[in-house]
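Dear colleague,

I am handing over the structure below, and my notes on it follow directly after.

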Amino acid sequence: GFGFIEVGTVTPKRQLGNLKPRIFRLEKDQALINRLGFNNDGAEIISKRISNNLPDGFLGINIGPNKDTKNKEEDYYTCLSRLSIHAGYITINISSPNTEGLRNFHDQKEMEKLLIGINKIKKDKKINQQIGIKLSPDINYNDISKIVELIKKYNIQGMIISNTTDVNREKLSDTKKNEKGGLSGKPLKDISTTLIKKFYKETKGKIKIIGVGGVDSGQSAFEKISAGADAVQLYTGMVYKGPGIVKNIKKELISILKKENIKNISQAVGINA
């Protein structure tokens, strides 16, 4: 079993600027817009909570900075230090559209500075857990090679592609389509899959990719995997179809693999990239 939690703050936070944290269901588009930010009880409390109820499966912990922290790198370092002991892997989230300035870490100089600090914390604290970096779907394709170069240089083992988008509203039907926040679900599916293909071609499969965005069926999961994803995550699909969606996805994937004469799911990774 896999688990995933989003911690994201050093201290408890409940507000997103002047806007209240909310999730909007865009029924017509099978999508969500969320402006939750990193709302949680903070790294210290979360760490104690996990310690008191250790998971049986493989737990991924997603970390990010407080909205009002001036030196956001320091929040990553604090969260990494406090929470890595509980994690199967750590996600460095630099792509939430709901934290002002967070996506600045996609800039080459800012990303390098952050990754140097992450590696220093790993060395100083003797942290062996694998690190993934969660990227925005709204990046310029011309920046992909630069991002991959840094990921290789600083030994980042994985990429999560992708976070929600704060653009791409033009083709949506729902009246709530212009609400502020990150758009997820079906409208994100092809955008994130295209990005997975581009990163897979650039990395030649040597860096693990977790595909996210519009996964709500065996077919959509297979599209992500065949584009280059080693694993998939889902959120919006579970909101609309419930927790039973995972079992259905697995059944559908088995049927697809049989149809394509593929013996193991790992053999499907990147075949359509």
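The chain has a radius of gyration of 18 Å, which agrees with the value near 19 Å that a compact globule of 273 residues would have; the radius is taken over C-alpha atoms, and the globule rule is 2.2 Å times the number of residues to the power 0.38. Please note that this is a predicted model, in which local features need pLDDT of at least 70 and side-chain atom pairs count only at pLDDT 80 or more, while totals for chains, interfaces and linings use all residues. Residues are numbered from 1 along each chain as its sequence is written, and side-chain values use heavy atoms, with hydrogens and water left out.

Along its principal axes the C-alpha trace spans about 50 × 45 × 40 Å. The secondary structure comes to eight helices and 10 strands, where helices (H or I, at least four residues) and strands (E, at least two) are DSSP runs numbered from the N terminus. Buried residues make up 51% of the 273 in the chain; buried means under 20% relative accessible area, exposed over 50%, and partly exposed in between, with a 1.4 Å probe and protein chains only.

Strand 2 (residues 23-26) and strand 3 (residues 31-34) run antiparallel and are joined by four bridges, two strands being paired if DSSP finds at least two bridges between them. The side chains of strand 2 alternate, with Phe 24 and Leu 26 buried on one face, while Ile 23 and Arg 25 point to the other and are not buried. The bridge partner of Phe 24 in strand 3 is Ile 33. The two strands form a hairpin with four residues between them, and Gln 30, in that loop, has a positive phi near 50° although it is a residue other than glycine. Gln 30 is partly exposed, because its relative accessible area is 27%.

A positive phi, of about 55°, is also found at Lys 204, again not a glycine, in the loop between helix 5 (186-203) and strand 9 (208-212). Lys 204 is exposed, with a relative accessible area of 64%.

Lys 134, in strand 6 (residues 130-135), counts as buried because its relative accessibility is 10%. Leaving aside residues up to four places away in sequence, its contacts (heavy atoms within 4.5 Å) include Asn 62, Thr 91, Ile 160 and Ser 162. Ser 162 lies in the loop between strand 7 (158-161) and strand 8 (182-185), and the peptide bond leading to Ser 162 from Ile 161 is cis, with omega near 10°.

With kind regards
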